[in-house]
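Colleague: Could you take me through this model with some care, going from charged pairs to strands and rings?

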Amino acid sequence: MNQSTFNVAQSLQQVSDQIRHFESLYKRPENSVQLLAVSKTKPAELVQSAIDAGQRAFGENYPDEAFKKIELLGSNNCEWHFIGALQSRKAASIAKHFAWVHGIDRLKVISKLAQNRSSELPPLNVCLQVNIDNETSKSGAKESELPALAEACASYPQLKLRGVMAIPAPRTNLLDQREVFAKVRKLKEQLQTSYPSVDTLSMGMSADMEAAIAEGATIVRIG
């Protein structure tokens, strides 16, 4: 094991230990929170080191960069999640290469993903992105738009509606972080009443992972 491989394995283990600790602290079921390793801008060699260390789920923001990695590394031993802002002109390629898309916020994107998802592939797992703080600088739908987006996703057999994703504005206080994540959790619970496939809360990064896990995150995105 070379030094870079060791560092990747060590970092993954540290994050995994933190996740398990917070699961226990907040009485979440063991292994109920998945680590999504954010691999954007990371070279394929480092991603391969993470795969060798046992990591399976990777998040990418930039389509062209991601397509090259997926071509090099394949999809047999890992699961690719698109977590960036979704441009409709890239939707066709994203539908072909990824297993998950976390940033659904427009009806136009939903139809393009569905139309370009091959019937030979499993349904594309999708999360609706909510702009929970109504920030003009961020992507995401308004809370009031989620029902229509969910209905559209559910109308396509090529898509599987899995849940909600959010990136709240930064907060330094744990209680404030928990408060906003609780709002996202309630949106997911509302969707669950109509869509049984909804089981996912994609929220929480390095600075607010504890609060996200406390409020029900099932996927945390850590770079």
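**Charged pairs**

Modeller: Before the questions begin, I should say that this is a predicted model. A salt bridge links K69 to E60, with the closest N and O atoms 2.9 Å apart.

Colleague: Is E60, the partner of K69 in that salt bridge, buried or exposed?

Modeller: On the side of the nitrogen, K69 has a relative accessibility of 5% and counts as buried. The cut-off for that class is under 20% relative accessible area. E60 has a relative accessible area of 0%, so E60 is buried.

Colleague: For the salt bridge between D105 and R106, how does R106 count by relative accessibility?

Modeller: The closest N and O atoms of D105 and R106 are 3.3 Å apart, and the two residues form a salt bridge. D105 is buried at a relative accessible area of 15%. R106 has a relative accessibility of 35%, and because the class between 20% and 50% is called partly exposed, R106 counts as partly exposed.

Colleague: Which residues are joined into one network by salt bridges that share partners?

Modeller: K138 and E135 form a salt bridge in which the closest N and O atoms are 2.9 Å apart, and K138 is partly exposed, with a relative accessible area of 29%. Where salt bridges share partners, they join into one network the residues R178, R185, E189 and E215.

Colleague: How many salt bridges does the count come to?

Modeller: The rule requires a side-chain nitrogen of Lys or Arg within 4 Å of a carboxyl oxygen of Asp or Glu. By this rule, the number of salt bridges is 11.

**Strands and a helix**

Colleague: Which residue of β5 is the bridge partner of W100?

Modeller: Strands β4 and β5 run parallel and are joined by three bridges. Strand β5 is mostly covered, six of its six residues being buried. L124, V126 and L128 lie on one side of β5, with N125, C127 and Q129 on the other. The bridge partner of W100 in β5 is N125.

Colleague: Which residue of β8 stands opposite Q34?

Modeller: Strand β1, residues 34-38, runs parallel to β8 and is joined to β8 by four bridges. Within β8, residues 219-222, I219 and R221 point one way while V220 and I222 point the other way, and all are buried. Opposite Q34 in β8 stands I219.

Colleague: What are the elements against which the buried residues of α5 pack?

Modeller: Helix α5 spans residues 107-115, and V109, I110, S111, L113 and A114 are buried in this helix. These buried residues pack against α4 (91-97), β4 (100-104), β5 (124-129), α6 (146-154) and β6 (159-165).

Colleague: With which residue does the side chain of T200 make a polar contact of 2.7 Å?

Modeller: T200 belongs to strand β7, residues 200-202, and is buried with a relative accessible area of 3%. Leaving out residues up to four places away in sequence, T200 touches W100, C127, R162, G163, V164, K188, T218 and I219. The polar contact of 2.7 Å joins the side chain of T200 to that of D199.

**Rings and cysteines**

Colleague: Which residues form one aromatic cluster?

Modeller: A search of the whole structure finds three aromatic pairs. In one of them F82 and F98 meet edge-to-face, at 5.4 Å centre to centre with 75° between the planes. F82 lies in strand β3 (residues 79-82) and F98 in the loop between α4 and β4, so this pair ties together parts that are 16 residues apart in sequence, and both F82 and F98 are buried. The aromatic cluster is formed by F67, F82 and F98.

Colleague: How far is the nearest cysteine sulfur from that of C127, and how many disulfides does the count come to?

Modeller: A disulfide needs two cysteine sulfur atoms within 2.5 Å. By this rule the count comes to zero disulfides. C78 is in no disulfide, the nearest cysteine sulfur being that of C127 at 18 Å, and C78 counts as buried at 8% relative accessibility. C127 is likewise in no disulfide, and the nearest cysteine sulfur, that of C153, is away by 9.6 Å.

Notes: Residues are numbered from 1 along each chain as its sequence is written. This is a predicted model: local features need pLDDT of at least 70, side-chain atom pairs count only at pLDDT 80 or more; totals for chains, interfaces and linings use all residues. Side-chain values use heavy atoms; hydrogens and water are left out. Buried means under 20% relative accessible area, exposed over 50%, partly exposed in between (1.4 Å probe, protein chains only). Helices (H or I, at least four residues) and strands (E, at least two) are DSSP runs, numbered from the N terminus. Contact means heavy atoms within 4.5 Å. Two strands pair if DSSP finds at least two bridges between them. A polar contact is a pair of N or O atoms within 3.5 Å; within protein, one must be able to donate a hydrogen and the other to accept it, and residues adjacent in sequence count only if both atoms are side-chain atoms. Rings of Phe, Tyr and Trp (its six-membered ring) pair if their centres lie within 6.5 Å; planes under 30 degrees apart count as stacked, over 60 as edge-to-face and the rest as tilted.
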